[in-house]
Amino acid sequence: MWIEKQGNIIDFTLSSLLRRKRKNLALISVYMLVIFFFASVMFFTHAIKKEASIILKEAPEMVVQKMAGGRHELIPLGYIEQIKEIRGAHSVKGRLWGYYYDPVAGANFTLMVPGEGEVEQGGIAVGKGVSRVRFLDEEDEMEFMASDGEVFGLKVKQIFSPESELVSSDLILISEEDFRKLFGMVKGVATDIVLSVRNPKELSTIALKIAERLPDTRIILREEMLRTYEMVFNWRGGMMLVVLSGTLLAFIIFSWDRASGLSAEERREIGILKAIGWETSDVILMKFWEGTVISVSSFFVGVFLAYLHVFFLSSPLFEPALKGWAILYPKFKLIPFIDFYQIATLFFFTVVPYTGATIIPSWRAATIDPDSVMRT
Amino acid sequence: MNMIQLLNIRKVFNMGRPNEFTAIHGVSLSIHPHQVTALKGPSGSGKTTLLSILGCMARPTSGRIMLFDREITSLPERFLTEIRRKTFGFVFQQFHLIKGITVLENVMLPAYPGGEGYGALRKRAMEILDLLSLSKKASSRVEWLSGGEAQRTAIARALINRPSVMIADEPTGHLDSRLSQEFMQIMGRLKQDRKTILIASHDPIVHESETVDRVIEMRDGRII
């Protein structure tokens, strides 16, 4: 009987909503749009942070950079031997990497020397983003201008499509000889030094020892990189939310106005329902279902569209703001990560107040005397 | 046994304010079952107010109401609503149908809070519409109905909860003579079905009708 009653009242609620089709559709559209924007930012920030953390998992545990005048400088390879002497440090290697401005694409590429023998002299492996802007296929030649002005070509041996394009879209892998020639970098120096630690508990001890032995260096731990990424994406997400909060405010005013003010027609109807035998609680129940149908359907459609927007269409609306300054926007599809806690928060801050806003005025209207209908 | 009994009923509106107004002055009245009773009198004579009190829609300021010899004057709103829903069916002067939904939905509306299954409810509503020659209009919206059809829809709605008492307030107020007579014929049929009928009207077609068993005349909130 209880279920039948709910069913009957929901049935009437739905036909009531259809009667005011235009008004309710406008409301649902605005509601949905707000949810869509917020959910998109949430999905995006969360997924991108997850993605970054996955990538960084494979990053070296520790990076040692030489500093001069507060800035990062090339590090002598001789430092490697000194670090190797520290117990617990292993796989100590020099890394060569840098940025190259390509005037043809008008973009900065990241150049990196991989492990020995992975790229032979005269060849390169490029990321998807590089191949896209430079229209490169395998076996094509890409021209570079060295620091001494000499122009030389390197053959594309491979176009890689890694797990995530987020950091590798603008990447070019190059041999050590070509790298040194391009940047005019002498032998015996590297961009930085990376190393692993046998026992993760000793990370900070080893970092301290390196800092003591090589006081002109700065040590960066993987955890710190992760934190920086998190902060950057949180900050960007936060910026977007600040911008969107204006929209949210407008929506709150709009929905409050729509939900809390009952039209004369709606008041008349409530009077009729009371006169024909509906209780105050039945009227409130009907208005509760009305608010719930509008807010829950807008919420789920909004969240669904945000999911499509972020994970299938690569968030075209937020790309520039959220992915940062890189000119080669990675054309990547994020792996869907959903934080249900965030969804629940969004639900709580949108659906609950809206439903409440619809009930209060109805309750006021529903307490009118049923005989008011007889007197009109 | 009396169906409804009113004992020394007084109804005052806006009590204690400058615009205080006494609509009913100490009325006592018994309504007999299975009869058609008409309340007659000019506008402002207190017919509608007395009808709302009889139908448990409004509470009297003082006095007692007995329904089937049970006192219901001071029952909480919830119980009064339930009594109203189960015992009374109302036809209003303006019909007060809900626009934008169908005739069938309007008819079923008073039964929704009762929690009856949709299928059974729909079947009963269709039977009532059939009795009132409205089954063809079941899926029409109420705003497309003629005056007579709207009135029959209002009657069908009043009948959906199988009430023992029908209450009609100025039911012929917006109808021409032919439709007014048709209304009284329907009331005659309901009387045959052992319904108790209360009609407030100043229309001679109503109180001169053969269907009406008793006419109560009112003036200035008193029975004369």
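# A walk through chain B and its contact with chain A

Let's begin at a turn: strand 9 and strand 10 of chain B form a hairpin with two residues between them, and B:Asp220 in that turn has a positive phi of about 50 degrees. Keep in mind as you look around that this is a predicted model. The two strands of the hairpin run antiparallel and are joined by two bridges. If you want a residue pair to click on, B:Arg219 stands opposite B:Arg222 in strand 10 of chain B.

From the hairpin we can step into the sheet that holds it. Six strands of chain B form an open sheet, in the order 6-7-8-3-9-10, and the pairing is mixed. Its edges are strand 6 (88–91) and strand 10 (222–223) of chain B, each of which pairs on one side only. As general background, strands of a sheet pair through backbone hydrogen bonds, either parallel or antiparallel.

While strand 9 of chain B runs antiparallel to strand 10 of chain B, strand 9 pairs with strand 3 of chain B in the parallel sense, over four bridges. Here B:Leu39 has B:Ile216 in strand 9 of chain B as its bridge partner. Further along the order, strand 7 (residues 165–169) and strand 8 (residues 196–200) of chain B also run parallel, joined by five bridges. In this pairing B:Met166 stands opposite B:Ile197 in strand 8 of chain B.

Now for the helices that lie across these strands. Helix 6 (residues 177–192) of chain B lies across strand 3, strand 7 and strand 8 of chain B, and runs at about 155 degrees to strand 8 of chain B. Helix 1 (residues 47–54) of chain B lies across strand 3 (36–40), strand 6, strand 7, strand 8 and strand 9 (214–219) of chain B. The direction of helix 1 of chain B is at about 155 degrees to strand 7 of chain B.

Chain B has another sheet to visit. This open sheet has four strands in the order 2-1-4-5, with antiparallel pairing. Strand 2 (21–31) and strand 5 (70–71) of chain B are the edge strands, each pairing on one side only. Strand 4 (residues 62–67) of chain B is joined to strand 5 of chain B by two bridges, and in that pairing B:Leu67 stands opposite B:Arg70 in strand 5 of chain B. Helix 1 of chain B turns up again here: this helix packs on the four-stranded sheet, touching strand 1, strand 2 and strand 4 of chain B. Its direction makes about 125 degrees with that of strand 1 of chain B.

A couple of backbone angles deserve a look on your Ramachandran plot. B:Asn8 is not a glycine, although its phi is positive, at about 50 degrees; this residue is found in strand 1 (residues 4–13) of chain B. B:Arg162, not a glycine either, has a positive phi of about 50 degrees. You will find B:Arg162 in the loop between helix 5 (147–159) and strand 7 of chain B.

Next, let's turn to where the chains meet. On chain B, 33 residues are in contact with 26 residues of chain A. About 2,800 Å² is buried between the two chains, and carbon and sulfur atoms give 60% of this area. The polar side of the account includes eight residue pairs in polar contact between chain B and chain A, with both residues at pLDDT 80 or more. There are also two salt bridges between chain B and chain A. In a salt bridge between the chains, the side chains of A:Glu279 and B:Arg78 meet at 3.7 Å, N to O.

Which elements of chain B give two or more residues to the side that touches chain A? They are helix 1, helix 2 (77–87) and helix 4 (118–131) of chain B. Helix 2 of chain B gives the most, with five residues. The residues on this side of chain B divide into 15 nonpolar, nine polar and nine charged.

Finally, a step back to the whole structure, where a search finds 26 salt bridges over all chains. Within chain A, A:Glu85 forms a salt bridge with A:Arg213, with their closest N and O atoms 3.5 Å apart. This pair links distant parts of the chain, 128 residues apart: A:Glu85 is in the loop between helix 3 (78–84) and strand 4 (89–95) of chain A, and A:Arg213 is in helix 6 (residues 203–213) of chain A.

Note on methods:
Residues numbered from 1 in each chain as written. Chains lettered and ligands numbered in written order. Predicted model: local features only at pLDDT ≥ 70, side-chain atom pairs only at ≥ 80, totals over all residues. Heavy atoms only, no water. Pairing = 2+ DSSP bridges. Contact = heavy atoms within 4.5 Å. Axes fitted to C-alpha atoms, helices over the stretch in contact; angles between N-to-C directions. Buried area = accessible area lost by both parts, 1.4 Å probe. Salt bridge = Lys/Arg side-chain N within 4 Å of Asp/Glu carboxyl O. Polar contact = N/O pair within 3.5 Å; in protein donor to acceptor, adjacent residues only side chain to side chain. Nonpolar A, V, L, I, M, F, W, Y, C, P; charged D, E, K, R; others polar.
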